[in-house]
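Hi everyone, thanks for making time today. Let me put the structure up so we can walk through it together.

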Amino acid sequence: MGSTNYTGTFIQVADDCPVDEAEPPPVGAKGPTVAALQHSLLAERPYELTSDDVLFEVHAIRQEVPEADRSSAREAFFAKDQACLRSSPLGKRYGWGIHHDGEGRVALVPLGSDEYAAIAADPDTKQLKAMRSKRA
């Protein structure tokens, strides 16, 4: 089973992110988008979930996986490679950095905040960028 978890890592917003300050993603007309679901989970439970937990929970919600089937569904989900949170619209479009603590648990860090600046400048934290939306 593959993993998308990082430890001691900060995913900064993408170089081509169109906002200067973090904004919550909108809820789509057909229900919550992937970005809205990820934002909701991470905003409600900072440093509680790992990247794997967030990605699978969003998948399970969108696919309406029953609670009783989640264990086997999670195994099947991670049997295939999954994109990590560097590809999340939160860092690509909406201005949210994603901090992975030493145990791999994640939290949102809003662009434009003192917390974002401090974590981005921390030499003990591995720095990555969210993936760009467009080719360079």
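I'll talk about how some helices pack, and then about a pocket.

A quick note before that: this is a predicted model, where local features need pLDDT of at least 70, side-chain atom pairs count only at pLDDT 80 or more, and totals for chains, interfaces and linings use all residues. Residues are numbered from 1 along each chain as its sequence is written, and side-chain values use heavy atoms, leaving out hydrogens and water.

Let's begin with helix 1, residues 34–44, and helix 2, residues 51–62: their axes come within 10 Å and cross at roughly 125°. That makes helix 1 oblique to helix 2. Here, helices are DSSP runs of H or I with at least four residues, numbered from the N terminus. Axes are lines fitted to C-alpha atoms over the stretch in contact, and angles run from 0 to 180 degrees between N-to-C directions. Under 35 degrees counts as roughly parallel, over 145 as roughly antiparallel, 65 to 115 as roughly perpendicular, and the rest as oblique.

Who meets whom? From helix 1 we have V34, L37, Q38, L41 and L42, and from helix 2 V54, L55, E57, V58, I61 and R62, with contact meaning heavy atoms within 4.5 Å.

Now move on to helix 3, residues 70–79, which packs with helix 2 at an angle of about 110°, the axes 11 Å apart. That makes helix 2 roughly perpendicular to helix 3. On the helix 2 side, the residues in contact include D52, D53 and F56; helix 3 brings R70, A73, R74, F77 and F78.

Finally, which residues are closest to the centre of the largest pocket? Of the 13 that line this pocket, they are V34, Q38, L55, V58 and F77. Helix 2 gives the most to the lining, with four residues, and helix 1 and helix 2 each supply at least two.

That's the tour, so please jump in with questions!

How values were computed:
On a 1 Å grid over the protein atoms alone, a cavity is a set of points where a 1.4 Å probe fits but cannot get out, and a pocket is an open set with protein on both sides within 12 Å along at least five of seven lines; lining residues have an atom within 4 Å of a point.
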